[in-house]
Amino acid sequence: MAVLNIVVGENTPILREKASPVEQISANISKLVQDMFETMRSAQGIGLAAPQVGVSNRIIAIDINDYHPEIPPIALINPVITRAEGEELGEEGCLSLPGYRGIVRRAMDVTVKGLLLNTDEVEFEASGLMARVLQHEIDHLDGVLFIDRLILEDQELLETQPERIKRTNSK
Ligand code: NI
């Protein structure tokens, strides 16, 4: 395994492109995923998308063990959000934007579909932090950074009425 260089900068082209689907889960893809986990842990991140290590493919790696030890680390190939419900404000940062933090409005509950490294297709539900990290990482695959989603009103809401930051929309 190897620690890869993390691409930084809000205007760096590879961070702003739509990444390509993985067509075949080759040994190279498996190695890339292992390296992504090592890179992410080395940088003390909880999620990483392949474009952040210079590969414009639809691959994400997530490990929120420090916050939710009951949720195992996962790598997803060609992930898609198939359901999103509720909304929640929360603070985010990004390994590609060192020094930036911001409040981002995300869906509270999502269903995500994708492939595991062993080519099994999985579909699962996630909420709270796991849902937030999934949305943040999948955004990366479409060239979207969290700073694109900052809403001043949300920042003010968090500071003045923190009790309102968690709420669910009924659909
Ligand atoms: Ni990020």
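Trainee: Over how many bridges do β3 and strand β6 pair?
Mentor: This is a predicted model, so read each pairing as a feature of the prediction. Strand β6 covers residues 109-115. With β3, β6 pairs in the antiparallel sense. The number of bridges is six.

Trainee: Which residue of β6 stands opposite V80?
Mentor: Start from the pairing of β3 with β6, which is antiparallel. V80 has its partner in β6. That partner is K113.

Trainee: Which strands are at the edges of the open sheet?
Mentor: Five strands form this sheet, with antiparallel pairing. Their order is β1-β2-β3-β6-β7. An edge strand here pairs on one side only. That picks out β1 and β7 (121-127).

Trainee: What does the twist average from one strand to the next?
Mentor: Take the open sheet in its order β1-β2-β3-β6-β7. From one strand to the next, the average twist is 40°.

Trainee: At about what angle to β2 does α2 run?
Mentor: α2 spans residues 27-42. This helix lies across β1, β2 and β3. Relative to β2, α2 runs at about 40°.

Trainee: And α3, what angle does its direction make with that of β2?
Mentor: α3 also packs on the sheet. The helix touches β1, β2, β3, β6 and β7. Its direction and that of β2 make an angle of about 150°.

Trainee: Which strands do the buried residues of α2 pack against?
Mentor: Buried means under 20% relative accessible area. In α2 that gives I29, L32, V33, D35, M36, F37, T39 and M40. Residues three or four places apart in an α-helix point the same way, because there are 3.6 residues a turn. The buried set packs against β1 (47-49), β2 (59-62) and β3 (74-85).

Trainee: How many residues of α3 are buried?
Mentor: α3 has 14 residues and reaches 21 Å from its first C-alpha to its last, close to the 20 Å expected. Its buried residues include M130, V133 and L134, along with charged-letter codes R132, E137 and D139. The helix is largely enclosed by the rest of the structure, because the buried residues number 12 of the 14.

Trainee: Which residues coordinate the nickel ion?
Mentor: Follow the donor spacing, C-x41-H-x3-H. The donor atoms are one SG and two NE2, at 2.1 to 2.2 Å. The residues are C94, H136 and H140.

Trainee: How many residues apart in sequence are the parts that C94 and H140 tie together?
Mentor: Both C94 and H140 are buried. C94 lies in the loop between β4 (87-92) and β5 (102-106), whereas H140 is in helix α3 (residues 128-141). The pair therefore ties together parts whose separation in sequence is 46 residues.

Trainee: Which residue of β5 does E91 stand opposite?
Mentor: β4 and β5 run antiparallel, joined by five bridges. Both are mostly covered: five of the six residues of β4 are buried, and four of the five in β5. E91 stands opposite I103.

Trainee: Which residue with positive phi follows α3?
Mentor: α2 gives a parallel case: Q44 follows it, with phi near 55°. After α3, the phi is near 75°. The residue is G143.

Trainee: Over which residues is the pLDDT below 50?
Mentor: The protein chain averages a pLDDT of 92, and 94% of the residues score at least 70. One stretch falls below 50, yet has 12 contacts in the model beyond near neighbours in sequence. That stretch is residues 167-171.

Terms used:
Residues numbered from 1 in each chain as written. Predicted model: local features only at pLDDT ≥ 70, side-chain atom pairs only at ≥ 80, totals over all residues. Heavy atoms only, no water. Helix = DSSP H or I, 4+ residues; strand = E, 2+ residues; numbered from the N terminus. Expected span 1.5 Å × (residues − 1). Buried < 20%, exposed > 50% of the residue type's maximum accessible area, 1.4 Å probe, protein only. Contact = heavy atoms within 4.5 Å. Donors = N, O, S within 2.8 Å, 3.2 Å for Na, K, Ca; no water. Pairing = 2+ DSSP bridges. pLDDT = per-residue confidence, 0-100. Axes fitted to C-alpha atoms, helices over the stretch in contact; angles between N-to-C directions.
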